[in-house]
Amino acid sequence: MSESAEPRAKPGSQTSLRNANQRRVLDTVRRNGHLTQAQISRRTALAPSTVSNIVHELIGAGLLVMEADNAGRRGQLISFSGSAGHVVGIDVGNRHLTVAVADLNQRILAQRRHDLPAGHRFADDLELAGRALDDLLDGLGTARPELLAAGLTLPAPVDLDGRLISASAILPAWSGIDVREEAGRRLGLPVVVENDANAGALGEHAWGAGRGARNMAYIKIGHGVGSGLILNGTLFRGATGSAGEIGHSTVDERGRVCRCGNRGCLETYVSSEETTRLLTDTHGPDLTIPDLVAAAAAGDIGCARVIGDTGRMLGTSVANLCNIINPELVVIGGEISRAGDLLLDPLREIVSRYGVRGSVQDLRIEAARLGIQAHVAGAVILALQHAELPAGAGPTR
C-alpha cells in the first residue's frame with residue numbers, strides 16, 4: 001500500500017494514545033516510587049522522547065515533580081508532587097484501630113493508633129476512624145478534598161467485591177453490612193476493603209521482608225491467625241476471597257471449639273490469647289505478648305518455652321502450606337514475631353522435618369520487618385492502587 005493510501009487516524013486517536021501513555025507513566029511512578037526518566041522508559045517500553053514529553057506535561061499540570069538524585073546516579077528523579085493528592089489507610093483489628101495518611105509517593109506522613117474495647121461495633125469504629133483522620137489532616141494542614149481513596153483492612157475474610165465479611169462468626173460486629181458502601185458513605189471517600197493478613201502480605205512485599213520475592217506467604221499471629229499469599233508477584237485471594245485462612249486449618253479434630261465453629265483449629269493453639277493463657281498461673285492474668293517476648297529475651301525459661309512451643313505448633317501448618325504453594329519466603333507477623341529466633345528456629349525445624357524437600361530446601365523464614373505496621377501499610381497500598389488522580393491527567397486505572 002502506498003503512503004498516500006494509508007488510512008487516516010480517526011479523530012481523537014492521538015489524544016487517546018497520549019492519555020493512555022500518560023496513564024502508563026503515572027501508574028509506573030505510583031507502583032515504583034521515585035524513578036528517573038530512563039527507568040520509566042524501560043518499565044513502560046515508551047521511547048525516551050515520549051516519556052520526556054509526558055513527564056514535562058504532567059509537571060506542568062502539577063502532578064509530578066523532578067528532583068536531584070541524592071544517591072549520585074545519573075538523571076533526575078520523577079515523583080508525585082505534594083499537591084497531587086493523598087490517600088488513607090485504616091487498619092481495624094480485634095482490639096486496635098490505626099489510621100494513616102500517605103502521599104502518592106508511598107510515604108506515610110502521619111498516623112494514629114487507638115485501642116478498642118472488646119465487642120467494638122462497626123459504627124463506633126468508623127466514627128473513631130473519622131475523628132482520627134480529621135485530627136491527622138489538621139496536623140498536616142491537608143484538606144479533605146485532597147484525599148483520593150481509603151484502604152480499610154479487617155481481621156476476617158472479605159468477599160471478592162470487598163463488600164461483605166464472608167465468615168460472619170469471625171467478626172460478628174461487622175457481618176451483614178456492605179462495608180465498602182457504608183465506609184465510603186461515612187468517610188466521604190472511595191474505599192477498598194481487604195482482609196488484614198492480605199494487607200500485611202502487600203505491605204511486607206512492597207516495603208518489608210518480602211521485597212523482590214515472587215512467591216511468599218505472610219502469616220499473622222494475633223487475636224486470630226491468618227495468612228496472605230503473594231503468588232507470581234500478585235496477591236492471591238482465591239475463588240471467593242477466603243484464600244489463606246490457615247488459622248482455621250484443623251490441628252486436632254477433637255480439640256476445643258473455635259470461634260469459626262469447628263474444633264481444634266490452629267488458632268485455638270497459637271493465637272495471642274492462647275499463648276498468654278498458658279502462663280496465667282505463673283505470670284498472672286494480665287500478661288501481654290510484648291511482656292512475654294521481653295521476659296523471654298531477659299532469660300525467663302517459661303516464657304521462652306511457650307514461644308518455642310508456639311513456633312513448633314505453627315510449623316506443621318506452615319510445612320503443609322509450603323508443600324502446596326512452594327513459596328521462596330514465609331514472613332511471620334504479629335507482636336510475637338518480635339521474639340525472633342526464639343520463635344523462628346523451632347518453626348524452621350518443624351518445617352524442615354515435615355516439608356517436602358523440593359518445597360522447603362531453599363525456603364527462607366523471616367520475621368516481618370514492618371512489625372505491626374504491616375497491615376496499615378497494606379491498607380495504604382490498597383488505597384494507592386485504587387486512587388483516581390485529579391481530573392486533567394486522565395484516569396489511571
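What follows is a conversation between a trainee and a mentor about this predicted model.

Trainee: Let's begin with the whole chain. What makes the protein chain as compact as a globular protein of its length?

Mentor: Start with its make-up, 14 helices and 13 strands. The radius of gyration is 23 Å, and the globule rule gives 21 Å for 397 residues; the two values are close, so the chain is as compact as a globular protein of that length. Along the principal axes, the C-alpha trace spans about 85 × 50 × 40 Å.

Trainee: How many of the residues count as buried?

Mentor: Of the 397 residues, 51% do. As for contacts between residues at least 6 apart in sequence, 60% of them join residues at least 24 apart.

Trainee: Now to a pair of helices. Why is helix 11 called oblique to helix 12?

Mentor: The axes of helix 11 (residues 301-325) and helix 12 (residues 341-354) cross at roughly 40 degrees and come within 7 Å. Angles under 35 degrees would count as roughly parallel, and 65 to 115 as roughly perpendicular. The crossing angle of roughly 40 degrees fits neither class, so helix 11 is oblique to helix 12. The crossing is right-handed.

Trainee: Which residues make that contact?

Mentor: Helix 11 contributes Ile307, Gly308, Thr310, Gly311, Arg312, Leu314, Gly315, Thr316, Val318, Ala319 and Asn323. From helix 12 come Leu342, Leu343, Pro346, Leu347, Ile350, Val351 and Tyr354. By class, the contact residues divide into 11 nonpolar, 6 polar and 1 charged.

Trainee: Next, a single side chain. How do you know that Arg237 is buried?

Mentor: Its relative accessible area is 15%, and buried means under 20%, so Arg237 qualifies as buried. Arg237 lies in the loop between strand 11 (234-236) and helix 7 (267-270).

Trainee: What is Arg237 in contact with, leaving aside its neighbours within four places in sequence?

Mentor: Arg237 is in contact with Val158, Asp159, Leu160, Glu194, Asn198, Ser242 and Ala243.

Trainee: One last element, helix 2. Which of its residues are buried, and what covers them?

Mentor: In helix 2 (residues 37-44), the buried ones are Gln39, Ile40, Ser41 and Thr44. Their cover includes helix 1 (13-32), strand 1 (35-36), helix 3 (48-60) and strand 3 (77-80).

Trainee: And what follows helix 2?

Mentor: Ala45 comes after helix 2, and its phi is positive, near 65 degrees.

Technical notes
Residues are numbered from 1 along each chain as its sequence is written. This is a predicted model: local features need pLDDT of at least 70, side-chain atom pairs count only at pLDDT 80 or more; totals for chains, interfaces and linings use all residues. Side-chain values use heavy atoms; hydrogens and water are left out. Axes are lines fitted to C-alpha atoms, for helices over the stretch in contact, and angles run from 0 to 180 degrees between N-to-C directions. Helices (H or I, at least four residues) and strands (E, at least two) are DSSP runs, numbered from the N terminus. Angles under 35 degrees count as roughly parallel, over 145 as roughly antiparallel, 65 to 115 as roughly perpendicular and the rest as oblique. A crossing is left-handed if the near helix is turned anticlockwise from the far one by less than a right angle, and right-handed if clockwise. Contact means heavy atoms within 4.5 Å. Ala, Val, Leu, Ile, Met, Phe, Trp, Tyr, Cys and Pro count as nonpolar, Asp, Glu, Lys and Arg as charged, and the others, Gly among them, as polar. The radius of gyration is taken over C-alpha atoms; the globule rule is 2.2 Å times the number of residues to the power 0.38. Buried means under 20% relative accessible area, exposed over 50%, partly exposed in between (1.4 Å probe, protein chains only).
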